[in-house]
Amino acid sequence: MARLPLIVQSVRRKRIGLALTIWLQLCTVASWFLLTLGAIHSLHTYRPRIRSYILDFYAKRDYVKRLVYASDETCIEQVWETVSRSFHNVLNAVIRLQDVLFKKAEPITANSTDPRWKWFKNCLGALDGTHIKIRVPTVDKPRYRTRKGDIATNMLGVCPPDMHFVYALPGWESSVADGRVLRDAISWRHGLKVPHGCYYLVDAGYTNCEGFLAPFRGQRYHLNEWRQGYQPSTPEEFFNMKHASARNVIERCFGLLKLKWGILRSPSFYPVRVHNRIIIACCLLHNFIRTYMSLDPIEAKLGEGLPSNVIDDDDPNIVNIHPSDSWATWRMELANQMFDEWQASRN
């Protein structure tokens, strides 16, 4: 009889364990039941979202319009600050490539057969100034006003026969004479370099002196004066005709530059200092395009000459611009030689 309570306790524990097991199973079944009901409900209520790219386009366009036109403060803060920062980052990166993208001038060799350049041995190319429109403060407008009434900067450009820029110097007021801009260019430590024995072709607005060969004044010069079948009758006229034909490369280079970059055809809202950097960047990009673009639809109509022979960097450079009798005598001797060779070839 003493073992009876122990038996009763054992039976009670089994019943409690069985009850707990049944309860856990009921909870599991209830959980699965609730999950199933949720899934069924989701299947009945789910509607797939069809993405409308048209609606997205209009929504984004409206968002941009709100940024731009809501208020000047919002536009500057949200839009132009980002654009300006990125623009200046790219501009600075291009400017740093000057040593890579500006071409190194090479003189015309004695065996050149180019009909435009073969007369000018040791010539490096041509240079000239061009006006590029800019915006300046009202107080500065008289200094930047051209004879045509435009507000512009006087940019000095230098190029060899293949129409790559060798050097560019923007920033001078358009009222300043071309000769003064050239003097400034050769005075800088990293400015225009002209080794002794070499020279650039310049127009009559510059001084005929060592390093810069100008045409004879008072003689026919412009190319359109030779397109009516007129033949030169003096050494000076023949020299001017060939000089104009070769020096025209810088005019074509300027024209191609402005055709490529619209910002050079009309004034931008950037300050003068920034706009001058933009001009240099456009010249560098012009060189990059001509280096890696096999065919330029605009340039293809212009033709080009190819220089050879490299200048030694150790040669001293011309640092003064002064007319001299020796340079004038050499020009006259060159003109006589050119005229005699031309007449001999005709006979």
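**Figure 1. Asparagine 154 of the predicted model stands opposite tryptophan 172 in strand S3.** The model shown here and in the other figures is predicted. Strands S2 and S3 run antiparallel and are joined by five bridges. A second pair in this view is threonine 153 with its bridge partner in S3, glutamate 173. Threonine 153 also has isoleucine 132 opposite to it, in the pairing that involves S2. Strands S1 and S2 run antiparallel too, and eight bridges join them. Strands of a sheet pair through backbone hydrogen bonds, either parallel or antiparallel.

**Figure 2. Strand S2 with its two rows of side chains.** Ala152, Asn154, Leu156 and Val158 point one way from the strand, while Thr153, Met155, Gly157 and Cys159 point the other way. Are these residues buried or exposed? On both sides of S2, all of them are buried. Because eight of the eight residues of S2 are buried, the strand is largely enclosed by the rest of the structure. Strand S3 is likewise largely enclosed, since six of its seven residues are buried.

**Figure 3. The open sheet of five strands.** The order across the sheet is S3-S2-S1-S4-S5, and the pairing is mixed. Which strands stand at the edges? Strand S3 (167–173) and strand S5 (212–213) do, and each has a single partner strand, so one side of each is left without a neighbour in the sheet. At the S5 end, strand S4 (residues 199–201) pairs with S5 in the parallel sense, over two bridges. Tyrosine 200 has phenylalanine 212 as its bridge partner in S5.

**Figure 4. Helices H6 and H7 against the sheet.** Helix H6 (residues 178–187) lies across strand S1 (123–133), strand S2 (152–159), S3 and S5. The helix runs at about 125° to S3. Helix H7 (residues 235–260) packs on the sheet as well, where it touches S1, S2, S4 and S5. The direction of H7 makes about 45° with that of S1. In H6, the buried residues are Gly179, Val181, Leu182, Asp184, Ala185 and Ile186. What covers these buried residues of H6? The cover includes S1, S2, S3 and S5.

**Figure 5. Two loop residues with positive phi, asparagine 122 and methionine 163.** Most residues other than glycine have a negative phi, and most peptide bonds are trans. Asparagine 122 is not a glycine, yet its phi is positive, at about 70°. This asparagine sits in the loop between helix H4 (98–101) and S1. Methionine 163, also not a glycine, has a positive phi of about 65°. The loop that holds methionine 163 lies between S2 and S3. How do the two residues stand with regard to burial? Asparagine 122 is partly exposed, with a relative accessible area of 37%, whereas methionine 163 is buried, with a relative accessible area of 0%.

**Figure 6. Glutamine 98 and its contacts.** Glutamine 98 belongs to helix H4. With a relative accessibility of 30%, glutamine 98 counts as partly exposed, because that class lies between the limits of 20% and 50%. Which residues does glutamine 98 contact, leaving aside its neighbours within four places in sequence? They are Ile280 and Leu284. Glutamine 98 and leucine 284 are 186 residues apart in sequence, but their C-alpha atoms are 6.9 Å apart in space.

**Figure 7. A nonpolar patch on the surface.** Ile76, Trp80 and Val83 make this patch, which has an area of about 310 Å². One of the three, valine 83, is found in helix H3 (residues 72–95). Valine 83 counts as partly exposed, at 43% relative accessibility.

**Figure 8. The whole protein chain, for orientation.** The chain has nine helices and five strands. Along the sequence, they follow the pattern α-α-α-α-β-α-β-β-α-β-β-α-α-α. Of the 347 residues in the chain, 38% are buried. The accessible surface comes to about 21800 Å², and 58% of this belongs to carbon and sulfur atoms. Among contacts with a separation of 6 or more, residues 24 or more positions apart account for 69%.

Definitions and conventions. Residues are numbered from 1 along each chain as its sequence is written. This is a predicted model: local features need pLDDT of at least 70, side-chain atom pairs count only at pLDDT 80 or more; totals for chains, interfaces and linings use all residues. Side-chain values use heavy atoms; hydrogens and water are left out. Two strands pair if DSSP finds at least two bridges between them. Helices (H or I, at least four residues) and strands (E, at least two) are DSSP runs, numbered from the N terminus. Contact means heavy atoms within 4.5 Å. Axes are lines fitted to C-alpha atoms, for helices over the stretch in contact, and angles run from 0 to 180 degrees between N-to-C directions. Patches are made of residues with over 30% relative accessible area and no salt bridge: like charges are joined within 9 Å, nonpolar side chains (Val, Leu, Ile, Met, Phe, Trp, Tyr) within 5 Å. Accessible areas come from the Shrake-Rupley method with a 1.4 Å probe; for residues, only the protein chains shown count as cover. A salt bridge is a side-chain nitrogen of Lys or Arg within 4 Å of a carboxyl oxygen of Asp or Glu. Buried means under 20% relative accessible area, exposed over 50%, partly exposed in between (1.4 Å probe, protein chains only).
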